[in-house]
2 protein chains.
Amino acid sequence: MNFQSALIFISAMNLKELAHNLGLSQTTVSRALNGYPEVSEATRRKVHEAAEAHNYRPSVRAKSLATGRSMTIAHVVPVSSQHEMVNPIFSDFIAGAGEEYSRAGYDLLLSVVPDSEQDKMYRDLVTRQAVDGLIVQAPTLTDNRIPLLHELNIPFVVHGRSSGVLSDYNWLDVNNRRAFERATSLLLDLGHRRIALLNGLATLDFAHRRSDGYKRALLERGVAVDPDLIAHEEMTENYGYEVARKMLATSNPPTAFLVSSIIPAIGVRRAVKDAGFEFGRDVSIVIHDDDLSYFRNIGDVPLFTAVRSSVRDAGKRAAAMLIEIIRQRQEGQKDHPPMQTLMEAELTIGQSTGPLPVPTSTTHT
Amino acid sequence: MNFQSALIFISAMNLKELAHNLGLSQTTVSRALNGYPEVSEATRRKVHEAAEAHNYRPSVRAKSLATGRSMTIAHVVPVSSQHEMVNPIFSDFIAGAGEEYSRAGYDLLLSVVPDSEQDKMYRDLVTRQAVDGLIVQAPTLTDNRIPLLHELNIPFVVHGRSSGVLSDYNWLDVNNRRAFERATSLLLDLGHRRIALLNGLATLDFAHRRSDGYKRALLERGVAVDPDLIAHEEMTENYGYEVARKMLATSNPPTAFLVSSIIPAIGVRRAVKDAGFEFGRDVSIVIHDDDLSYFRNIGDVPLFTAVRSSVRDAGKRAAAMLIEIIRQRQEGQKDHPPMQTLMEAELTIGQSTGPLPVPTSTTHT
DNA sequence: TCAGTCAGTCAAAGCGCTTTGGAAGTTTGG
DNA sequence: CCAAACTTCCAAAGCGCTTTGACTGACTGA
């Protein structure tokens, strides 16, 4: 094994040598390996065996130059300038997408950039011809990456939507509005009226849609929206803790929290307990659960009542969608309508919700 | 802007055209752009301006074929077959590494594969000539990727070490043994004798080193190691919860927990509270804190007492190390000794530790 | 003044593949 | 039996860069 591998490296077999060894032309060898029909089965077999024996694999460098395809898809993940943080859902999203990519023979190019430099990076990746397609994550309310990529004329899929962008584009999203409307209604049904919303960054489109669902549900029941009960921030545990702590310390504290991710929800739970309240009794929590692999909200009765939608599954589907779009483009089919998928979140009841505690809906200091 | 961009795409400027436009040869234009000295300043300026105006960027495909360098570094992240999970520290590690890569003009190729297919993927990436270097993550006790990459003769850096591999290689690691020895000593100093260890997967090298530190500290004080108090698993919140719950329900429960990551520690904390114990009083917890960006263990008095080492910083350093190694290799310097960095974790006292509660040091059944 | 040096430029080869446009050899059909 | 049609293979061009080796004209020094 050692010996063989060493040989393999030293010879660094390329197509020319392989063809020479076989007494065949490069054309024939290339065709045999790529499954073209104009090669006899006997020859193809011989070629495959030789390739195997020499551990030959075509150079992606040469291949992509010759074919004009890089067989690479990029994800550009922004590092927040605020907290130097990477959104923790990315690892699961990428795990899902990566599965599809490797199945289809694509490589994943991951570009980690400060959020201010995103546009430049997208433009770069395309003009350098580094990728065949892109995934756009965490779109803002009117995201300029979408028109940019349209201009650059490269296949792309948006994970989420951008309300301010009117042109058509390919996207895959969760029905955030409905999910949060349902979650809010659930809390209202339980008698809660002081319901806090701990949302993601206000610039992000999904946060807006979630607010929307929340507000709709409140207004439908005639409950006024209290801006003091709405927070927008990056979804860290500390954020959940601090915001909940402050809100619970007010004279008219919320009796329920709607939290955009399980991570800040952990912080909220901590704040609730620290304040001497009983979780799921005095104070209820409903979360949006991305079904993160390292933080599963499961069990007979899961810890949190949640609207759930697997971000890993989203990654997988978005990737499949993009691969299909690239395929269509390569077949020269230009007139396909955009692909758009809306997924519904599923509501699960956990330990974190209960009816509004007896005394009354508001406690006076 | 729209108009200009559209033009840019349509023309899809390449070196040939650019040179022709300028009335110069490709050679000169290429040299001007790549900063070679044998080009007059006047010419260089003109070339840069024209390149800027036409939004020209050399094709990475052609460039890498011509230079033999792909300017790409790969991270192969395994998806656990057990829980289909991606280690949550990867996003921060990659954020750190990505910063260095973009500074140095490298792209990051991320390969997400089932852990069983890792070897194949490493071999593939190298023989396809897709990358100039690799980072190896989460090494096992005797990790065969290390000899493999040696054979393939490609620059690589290991994040962690592999005790069973005797050859020299480049690595960057935290002093896990000492960190856990100190953490254990701290608990012993507080009077604890029943100290549980919730470790990572037993196959991983770092888990072994951590066990080692833990056991040394115990033995030094003459405290016997109780195998019932040691658990090895993937570091999910649920794991922390379940294990702690079971241990606390025994007749001779631990009074302290040493937990390998903040994520299962959240679960431990939950179990402690559920069992009616007071966190940081009845039951102490010390964690290893990777300083995850979305889960900062901070504040005047952080939630957890911890041995801390930023995984983001590790990513950054590992990347810088790899880039330097690649540089040396390209300069034709073959005889460099391996680069090896051992980082010390820092101990922080938080709310999660306190002296052993009054009754006595060991409770008898 | 003239060989020697140097700054600035270029034509062409080459990186390792794919793919086009034949060209043999082999069957088939009338 | 011969033209037509396959089948199977090949030589060479091309992908868009970098880099080698050479060439020109201007400048230097003795």
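## Contacts with DNA strand C

A polar contact is here a pair of N or O atoms within 3.5 Å. In this predicted model, an N or O atom in the side chain of Ser30(A) lies 2.4 Å from a phosphate oxygen of DNA strand C, and the side chain of Asn34(A) likewise places an N or O atom 3.0 Å from a phosphate oxygen of that strand. Leu15(A) takes part through its backbone, with an N or O atom 2.7 Å from a phosphate oxygen of DNA strand C. The elements that contribute two or more residues to the surface near the strand are helix 3 (26-33) and helix 5 (60-67) of chain A, together with helix 3 (26-33) and helix 5 (60-67) of chain B.

In total, 26 residues surround DNA strand C, and the closest of them are Leu15(A), Ser30(A), Arg31(A), Ser25(B) and Thr27(B). By class, this surface has nine nonpolar, 13 polar and four charged residues. On the side of the DNA, 57% of the strand C atoms within 4 Å of the protein belong to sugar or phosphate, while the rest belong to bases.

## The interface of chain A and chain B

Between the two protein chains, 59 residues of chain A are in contact with 59 residues of chain B, and about 5,700 Å² is buried between them, with carbon and sulfur atoms accounting for 53% of that area. The interface holds six salt bridges by the rule applied, one of which joins the side chains of Arg61(A) and Asp132(B) at an N to O distance of 3.6 Å. There are also 16 residue pairs in polar contact, counted where both residues have pLDDT 80 or more.

On the side of chain A that touches chain B, helix 12 of chain A gives the largest share, namely six residues. By class, that side of chain A has 25 nonpolar, 17 polar and 17 charged residues.

## Domains within chain A

Chain A is divided into domain 1 (2-58), domain 2 (72-167 + 312-339) and domain 3 (176-309). The C-alpha centres of domain 2 and domain 3 of chain A lie 29 Å apart, and their contact draws 15 residues from domain 2 and 17 residues from domain 3.

About 1,300 Å² is buried between domain 2 and domain 3 of chain A, 51% of it on carbon and sulfur atoms. Within domain 2 of chain A, Asp92(A), Leu141(A) and Arg161(A) lose the most area to domain 3, together 33% of what that side buries. Across this interface the rule finds zero salt bridges, whereas seven residue pairs, both members at pLDDT 80 or more, are in polar contact.

Terms used:
Residues are numbered from 1 along each chain as its sequence is written. Chains are lettered from A and ligands numbered from 1 in the order in which they are written. This is a predicted model: local features need pLDDT of at least 70, side-chain atom pairs count only at pLDDT 80 or more; totals for chains, interfaces and linings use all residues. Side-chain values use heavy atoms; hydrogens and water are left out. Domain bounds come from an automatic or database domain assignment. Contact means heavy atoms within 4.5 Å. Buried area is the accessible area (1.4 Å probe) that two parts lose on being put together, summed over both. A salt bridge is a side-chain nitrogen of Lys or Arg within 4 Å of a carboxyl oxygen of Asp or Glu. A polar contact is a pair of N or O atoms within 3.5 Å; within protein, one must be able to donate a hydrogen and the other to accept it, and residues adjacent in sequence count only if both atoms are side-chain atoms. A residue is near a molecule or strand if one of its heavy atoms lies within 4 Å of it. Helices (H or I, at least four residues) and strands (E, at least two) are DSSP runs, numbered from the N terminus. Ala, Val, Leu, Ile, Met, Phe, Trp, Tyr, Cys and Pro count as nonpolar, Asp, Glu, Lys and Arg as charged, and the others, Gly among them, as polar.
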